[in-house]
Amino acid sequence: MRAHVQEIVFDCADPAGLVRFWAELLGGAPVDRSPDWSYVEPPGFVRIAFQQVPEGKAVKNRLHLDVEVAELEAAADEATRLGAERVASIVTDDHGAFQVMRDPEGNEFCFVAG
């Protein structure tokens, strides 16, 4: 048996708000399926969905998205304008560079230099 990833689901407090952040960041049209479930289908990527849960985020994500961008600083500035926040500064090593970010609900993701 082979399986494939249909979608990636984030637990959150405000699905309609969070889907709009990610749609602006990655492209695609936000869809509100119900008050507690929204999703976006970014071009060239699997669907990302957001489901409302009663509890808040308490610890660092065990899974995060790495988003390739041409310019780390410009991408981080744009994401910040949309409601994200930077986590520390850009990290550069022998393999490249990345910027750790948090979306408006605190979910970590990284911009990776492309």
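Two strands are taken to pair if DSSP finds at least two bridges between them. In this predicted model, strand S2 (residues 31-34) and S3 run antiparallel and are joined by three bridges, and the connection between S2 and S3 is a hairpin of two residues. Within this pairing, Trp 37 of S3 is the bridge partner of Ser 34.

On its way along the chain, S3 also takes part in a second pairing, since four bridges link S3 in the antiparallel sense to strand S4 (residues 47-52). Here Ser 38 has Phe 50 of S4 as its bridge partner. The hairpin of S3 and S4 has six residues between the strands, and one of the residues in this hairpin, Gly 44, adopts a positive phi near 75°.

The side chains of S3 itself may be considered next. In a regular strand, side chains alternate between the two faces of the sheet. In S3 (residues 37-40), Trp 37 and Tyr 39 point one way, whereas Ser 38 and Val 40 point the other way, and all of these residues are buried.

The model also contains helix H1 (residues 15-26), which has twelve residues and reaches 16 Å from its first C-alpha to its last, a span close to the 16 Å expected at 1.5 Å a residue. The buried residues of H1 include Pro 15, Leu 18, Val 19 and Phe 21, and Trp 22, Ala 23 and Leu 25 are likewise buried, where buried denotes under 20% relative accessible area. After H1 comes Gly 27, which has a positive phi near 95°.

Terms used:
Residues are numbered from 1 along each chain as its sequence is written. This is a predicted model: local features need pLDDT of at least 70, side-chain atom pairs count only at pLDDT 80 or more; totals for chains, interfaces and linings use all residues. Side-chain values use heavy atoms; hydrogens and water are left out. Buried means under 20% relative accessible area, exposed over 50%, partly exposed in between (1.4 Å probe, protein chains only). The expected span of a helix is 1.5 Å times one less than its number of residues.
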